Structure formats: structure tokens, C-alpha cells
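I set out to record how one sheet and its helices are arranged, and then how two further helices meet. The entries follow the order in which I looked things up.

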Amino acid sequence: MKQDLKGFFNPKSIAVVGASKDSRKIGHAALKNILISDYDCKLYPINPKESKILGLPCYKTLMDVPSSIDLVLVSVPAHLVPTVMKDCVQKKVKYAIIISSGFSEIGNHALEKEVADIISHSSIRVLGPNTMGFKNASDDLDASFVFGVPRKGNLSLISQSGALGIGMIYLANNEFVGVSKIIGVGNKLDIDDDDLIEFFSNDPDTKVIGLYIEAVKEGRPFMNAIKACDKPVLVVKAGRSGAGARAAASHTGSMAGSDTIYSAAIKQAGGIRCRDIVEMFDMARALAGQPPMKGNRVGIITNGGGLGIMLTDACEENGLTVPKLSAQTAEKIDEIIPDLVKPNNPVDLVADAGFFRYEASTKILLEDPTIDGIIIASVHGGYARPREFTGAILKMIREKRLHETHQKPILGTWVGGKEFEELVFDLKSAGVPIYPSSWRTARAMYSLYVEGQRLKREALQKENKAKGSKKMRI
Ligand code: COA
């Protein structure tokens with residue numbers, strides 16, 4: 001019986017096989033990352049030549065460690081990995097992370113099969129080979145050899161590419177996207193995307209799941225895991241084009257498969273396919289901080305007509321609608337906008353719109369039952385002060401009660417230069433989803449719509465199930 005993943009991200013004891021005194025080596029970096037983590041666990045360096053590394057007593061082999069071990073990080077050349085894995089099995093280690101490269105990704109399938117055979121009759125769960133490991137930001141454990149500390153949050157990331165996974169940490173920090181856990185799956189010898197989706201589905205620190213994949217090993221379990229997951233799953237599937245598929249084959253040995261089939265299957269399972277990492281983070285920011293849309297009707301508020309039109313196009317092209325305002329709402333909007341414009345959707349507040357027009361119009365749309373989500377937009381057109389726009393959004397987003405009562409998402413978008421960017425920085429750090437592009441804003445809103453639909457389906461299924469079991473009792 002295979003170990004479940006419950007203790008994988010929270011091991012009580014960790015050994016690093018291939019720990020080294022040499023600070024240029026991966027085994028040194030891995031040991032140091034765990035050591036400097038603000039995380040309470042027993043830590044054992046393993047190296048046949050050393051008695052102490054980084055101040056910790058060192059053991060010649062895993063078998064010499066006097067107590068049990070939950071997690072082993074393996075950082076020795078590939079040909080030594082089978083011996084280490086035999087020790088892991090004999091020592092009844094619960095989890096192992098094989099950092100070492102030199103397996104199926106370079107065509108060495110026989111070596112990977114040898115490791116698979118060694119673990120096949122044991123309960124151990126293995127991540128990799130060819131992986132960076134994981135970072136558990138929620139619990140401050142860094143079980144990887146790479147630098148970078150993610151900002152804490154609710155997005156858990158699964159990456160098939162190690163380098164991209166590392167880049168994602170820095171990009172997420174830059175974009176103010178908080179991360180709970182980030183994990184590199186490498187060659188997916190044992191622990192696969194579906195195992196992790198299932199784990200994150202039950203992880204209280206995870207609100208949104210994001211994946212970078214080049215291929216899945218088995219389609220059915222992957223799709224079933226997304227289907228069963230009660231959290232939004234964002235998927236970047238690379239290798240869309242013929243040339244991209246060729247690149248994936250030479251990168252990780254992945255067969256990218258038919259892109260159309262992937263798109264359809266991800267959609268059918270209830271996941272959201274993203275074009276790239278930036279789009280995934282845009283959506284994650286919205287999903288982690290805003291309520292989902294109950295329907296697809298968007299209300300747009302802008303001080304620039306052109307930006308309003310671009311947002312309308314982008315929304316409509318993404319399956320959302322920008323409906324005409326109801327007579328009642330139009331009447332209310334008419335009272336706050338200048339006489340030279342008529343109340344429409346997009347609501348044109350005119351170039352000199354300040355705090356009041358933004359705040360009052362947003363509140364009116366929040367109260368309108370024919371609107372499911374709101375985009376507030378600002379162009380630094382030379383009249384209006386961006387501070388009044390960002391101030392109005394901050395105030396409304398922070399007014400928890402207002403937000404909770406209406407259960408409608410509010411997203412921001414802007415067009416401008418450096419002065420605006422500095423203000424947007426304040427908004428991002430306060431967790432407000434705001435984007436410098438109408439397309440990106442519409443895509444983020446689309447993800448909130450898909451999530452709303454998913455929740456509706458889930459509620460319906462629960463209701464039908466409850467009805468069914470009631471009938472059974474009768
Ligand atoms: N048990 C424990 N330690 C052992 C050992 C064993 N059976 N056999 C050797 N060692 C020690 C070595 O003596 C060395 O320690 P030292 O510096 O004190 O001499 C240490 O383990 C590492 O072995 P070494 O031969 O120096 O290898 P390395 O550190 O240069 O490279 C890997 C090892 C795993 C890092 C390398 O083979 C590799 O795969 N690199 C790529 C990793 C990667 O990019 N992964 C994917 C990321 S996305």
C-alpha cells in the first residue's frame with residue numbers, strides 16, 4: 001500500500017544524500033535551504049567522507065541514521081541513485097525527492113525503470129527524478145536546492161519544468177501573487193500531477209491550483225483529478241504548435257499530443273487553460289481575492305471611451321457579455337455623470353473623473369442585479385488624477401461588507417506611465433487584481449465566470465445527490 005501525500009510537505013525528519021561541504025554543489029544548497037528554513041525537523045546530512053557538514057553530524061549511509069526518516073533528498077550522480085533508493089526502501093523512508101538528472105529526459109529509460117522496480121513493492125512515494133524539489137511557503141519549509149522565497153499566499157504551483165518553476169517564484173513575487181507551495185514534478189516516475197491536484201484539493205492553505213505541463217503521462221487520471229477537485233485549476237499546457245511540440249520532446253522527452261484534445265479535455269474537466277504564466281498569475285490573483293461571477297454580465301466603468309470599447313470587445317470575445325444598463329441603473333448613473341454623456345455600459349465617467357464618480361458609479365453597479373462583475377478602468381488622460389481612481393478602488397475593495405453583501409468581483413485596469421505604475425503597486429500589494437491591459441483584465445474576469453459556473457454545477461450535483469439519498473430512504 002502506497003503512502004498518501006499527507007506528510008510529504010510536512011516531514012518531521014529529513015536526510016540529504018549527497019550533502020556536501022562544497023558550496024557550489026547542489027547537495028550543499030539543498031541541505032542549507034532546509035537548515036535555514038524556519039521549520040522544525042530533524043536534519044541528517046549523508047556523505048561517506050564527512051563527519052560534519054554545516055555544523056550537523058553527518059552519516060555515511062541512510063542505514064547509519066539511528067532514527068526513522070520521513071523524507072530523503074537525493075543529490076548524487078544518476079548511476080548511484082538505485083543504491084540509495086534500495087536503502088530508502090530498506091529503511092522504510094516515507095518519501096524521496098530525486099533531484100539527480102540523467103534518466104528518461106536524456107533517453108536513459110533503463111535507469112529510470114530500475115528505480116521504478118526498486119520502489120514498486122514498497123510504500124515509499126517518490127518525486128522526480130530530475131526535479132528541483134518543493135518549497136512549502138505556508139509552513140516555511142524549503143526542500144529544494146534553488147534560491148528564492150515565495151511570498152506567502154493561496155496559490156499552489158506544479159511545474160514540469162524546473163527552471164520555469166524557479167522563474168515562477170520570482171515572477172509571482174513581482175506580481176504580488178502569494179504562493180502556498182511550489183513543486184517541480186520532473187520526470188513523474190511516481191508522484192504525478194493528478195496526485196498533487198488531489199492533495200492540493202484537500203489542502204486548507206491552497207485556494208487555487210496552477211500547473212505548467214508539457215504532457216501528461218496518463219490522460220484519464222489527470223482529467224479525473226481536475227474534475228474531482230473543488231478548487232479552480234489553471235493549466236498552462238505548452239507545445240501548442242507543431243514546433244512547440246518538437247521543443248517539448250527535446251526538453252523533457254514529452255510527447256505533447258493533440259492540442260485540440262487537450263483544450264477540450266481540460267475544459268470538460270472544469271479546468272481553465274491559460275496561454276502563459278503571466279495569464280495564469282492574472283487569473284490566480286483574481287480567483288484568490290475576489291468572489292466568482294454568478295453569471296456572465298459585466299459592467300464597465302471608465303474615464304476613457306476607447307478603453308471602454310477595448311474592454312467590451314475583450315469581454316465579448318471571452319464569452320462574457322456587456323449588457324445595456326437597466327432603466328433604473330441608467331437613471332442613477334445619469335445623476336452622477338456630466339451632462340455631455342449619456343448613461344451606457346461601458347459607463348463613461350469622462351476624462352476628468354475623480355474619486356466621487358468612480359466610487360458612486362461602482363456602488364450603483366454593485367447594487368444592480370443584472371450585473372455580475374465590474375471592471376473599473378482609468379486612462380491617465382491628463383485631466384484626472386490616477387490617485388483618485390486607485391483610492392476609490394482601494395476603499396471599495398477594503399469595505400469588506402460592501403463586497404460580501406453583493407458577492408461580485410471588482411477588477412481594475414489602467415493605461416498610463418510610471419506615475420500610474422507606482423500607484424498600481426499599492427493596489428497590487430493590497431491584493432487588488434489590476435492589470436495594464438484590457439485583454440488581461442477580461443481573461444481574469446472570464447476565469448471568475450468559469451469558477452462561478454463550476455461552483456453552480458457542484459452545488460447542483462450535491463443537491464441531486466441529496467435528493468437521491470432521500471428517495472432511497474423512502
Ligand atoms: N551517498 C552519499 N553521498 C555520496 C555518495 C553516496 N553513496 N556517493 C557520493 N557522495 C557524495 C560525493 O562525494 C559528493 O560529496 P563531496 O562534495 O563531499 O565529495 C556529493 O555526494 C555529490 O556527489 P558528486 O559526485 O560531487 O556530484 P555533484 O554534486 O557534482 O552532482 C547531481 C550530483 C545530482 C547534482 C548531478 O548529478 C545532477 O544530476 N545535476 C543536475 C540536477 C538538476 O538540475 N536537477 C533538475 C532540476 S530541475
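Which strands does helix α13 lie across, and at about what angle does α13 run to β17? I noted first that the model is predicted. In it, helix α13, residues 386-398, lies across β17, β18 and β19. I recorded its direction as about 160° to β17.

I then looked up the second helix on this sheet. Helix α15 (residues 418-429) packs on the sheet and touches β17, β18 and β19. Its direction makes about 165° with that of β18.

Next I traced the sheet itself. It is open and has five strands in the order β16-β15-β17-β18-β19, with parallel pairing. The edge strands, each pairing on one side only, are β16 (347-348) and β19 (434-435).

I examined the pairing of β17 with β18. Strand β17 (residues 373-379) runs parallel to strand β18 (residues 410-415), and six bridges join them. I found Ala377 opposite Thr413 in β18.

I turned to another pair of helices. The axes of α4 (residues 162-174) and α9 (residues 277-289) come within 11 Å and cross at roughly 45°. I therefore entered α4 as oblique to α9. The crossing of these two helices, α4 and α9, is right-handed.

Which residues meet where α4 contacts α9? From α4 I listed Leu164, Met168, Leu171 and Ala172, which meet Ile277, Val278, Met280 and Phe281 in α9. I classed the residues of this contact between α4 and α9 as eight nonpolar, no polar and no charged.

Technical notes:
Residues numbered from 1 in each chain as written. Predicted model: local features only at pLDDT ≥ 70, side-chain atom pairs only at ≥ 80, totals over all residues. Heavy atoms only, no water. Pairing = 2+ DSSP bridges. Helix = DSSP H or I, 4+ residues; strand = E, 2+ residues; numbered from the N terminus. Contact = heavy atoms within 4.5 Å. Axes fitted to C-alpha atoms, helices over the stretch in contact; angles between N-to-C directions. Parallel < 35°, antiparallel > 145°, perpendicular 65-115°, else oblique. Left-handed = near helix turned anticlockwise from the far one by under 90°. Nonpolar A, V, L, I, M, F, W, Y, C, P; charged D, E, K, R; others polar.
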